[in-house]
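Thanks for making the time this morning. I would like to walk you through one model, so please have a look at it before I begin.

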Amino acid sequence: MAAKKVLIVYAHQSSGSFNAAAKNAAVEVLTAQGCTVAVSDLYAMKFKATATAEDINGEVKNADHFRYAEETKLAWEEGKLSADLTEEQHKLTEADLIIFQFPMYWFTVPAIMKGWMDRVLTLGFAYSQEKRYSQGVFKNKMAMLSFTTGSQESMFSADGINGDMNVTLWPLQNGILHYCGFQVLAPQIFWAPSHVAPEVRGTMLEGWRTRLQGLLGEKPLSFIPLDCFDKEKGYQLKPEVHEKHAAKEFGLTVGIHLGKALPPNNQIKAGV
């Protein structure tokens, strides 16, 4: 395997946390394979979570009606984004794989990590009207979520109180990562590590280390290509795609399910 560059975007306040151990394991195993690994430790960096006009050096085009996406696109084109954003965008440009390591907060990423996504993935740099989803800017890069939950796995099942984890992950994996074109690897989910015995946590980390050995060779999750949708009809799924899947038991994906039962583990396992 050729040496790759990896960026770990890490969000936890404590170096003694399970998330820190998972991040450290990734750094160690991937480095041992010859990868170059960079870590953006968001809390240590005191990374600003809010998307504001402060992210632009100099005057903005329309201060009376500030529109973040349009203004940062101009600033990116003119080299006027703030230094912290320029640095993160440089890391992202260099990376072949991005791993987001975090504890799940309220069914999503912590605010500081959402702020990284809001601020770093700017219009023009990370996506455009023409370059998104399967035609996205980062279609030659991989990305994945690696996270801990506070609830056990059964609670995130199709009949569990929290609902299907596949549904929970759709906005993050499809609406952010796939939207920017990333090949999305199956998530690494550490189920409720704070509620299990130390030896179980050790087993979880060993499983992660084992997976990391072959991570760069994994197949990504399946998403529907952009050309399956009719641009002239509001990006609706083309009739021929509907027809092709009419007799199938399950929908295409968690989000684009055609009114059918959701495909099992569509956002958790590759090849389903």
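Which residues in α1 meet which residues in α7? Before I answer, please keep in mind that this is a predicted model. On the α1 side they are Phe-18, Ala-21, Ala-22, Ala-25, Ala-26, Glu-28, Val-29 and Leu-30, and they meet Arg-201, Met-204, Leu-205, Trp-208, Arg-209, Leu-212 and Gln-213 in α7. Sorted by class, this contact of α1 with α7 has 11 nonpolar, 1 polar and 3 charged residues.

As for how the two helices are arranged, the axes of α1, residues 18-32, and α7, residues 198-214, come within 10 Å and cross at roughly 30 degrees. Angles under 35 degrees count as roughly parallel, and α1 is therefore roughly parallel to α7. The crossing of α1 past α7 is right-handed.

Let me turn to the interior. In soluble globular proteins, nonpolar side chains tend to be buried together. Here the largest nonpolar core has 49 residues, and of these Phe-100 and Trp-116 touch the most other members. The elements giving two or more residues to this core are β1, α3, α4, β3, α5, β4 and α6, and α6 gives the most, with 6 residues.

If you centre your view on Phe-100 and leave aside its neighbours within four places in sequence, you will find it in contact with Val-9, Met-113, Trp-116, Met-117, Met-144, Leu-145, Ser-146 and Leu-177. Apart from this core lies another, of 23 residues, and among them are Val-29, Leu-30, Phe-190 and Met-204; Val-29 and Leu-30 in α1, and Met-204 in α7, are also among the residues of the helix contact I began with.

Finally, two loop residues, which I will take in turn. Is Asn-162, in the loop between β4 and α6, buried or exposed? Asn-162 counts as buried, because its relative accessibility is 18% and the cut-off for buried is under 20%. Leaving out residues up to four places away in sequence, Asn-162 touches Phe-107, Ser-151, Met-155 and Phe-156.

Lys-131, by contrast, lies in the loop between α5 and β4 and counts as partly exposed, at 49% relative accessibility. Beyond its neighbours within four places in sequence, Lys-131 is in contact with Gly-136 and Val-137. The C-alpha atoms of Lys-131 and Gly-181 are separated by 7.8 Å, although these residues are 50 residues apart along the chain.

Key
Residues numbered from 1 in each chain as written. Predicted model: local features only at pLDDT ≥ 70, side-chain atom pairs only at ≥ 80, totals over all residues. Heavy atoms only, no water. Axes fitted to C-alpha atoms, helices over the stretch in contact; angles between N-to-C directions. Helix = DSSP H or I, 4+ residues; strand = E, 2+ residues; numbered from the N terminus. Parallel < 35°, antiparallel > 145°, perpendicular 65-115°, else oblique. Left-handed = near helix turned anticlockwise from the far one by under 90°. Contact = heavy atoms within 4.5 Å. Nonpolar A, V, L, I, M, F, W, Y, C, P; charged D, E, K, R; others polar. Core = buried A, V, L, I, M, F, W, Y, C linked by side-chain atoms within 4.5 Å. Buried < 20%, exposed > 50% of the residue type's maximum accessible area, 1.4 Å probe, protein only.
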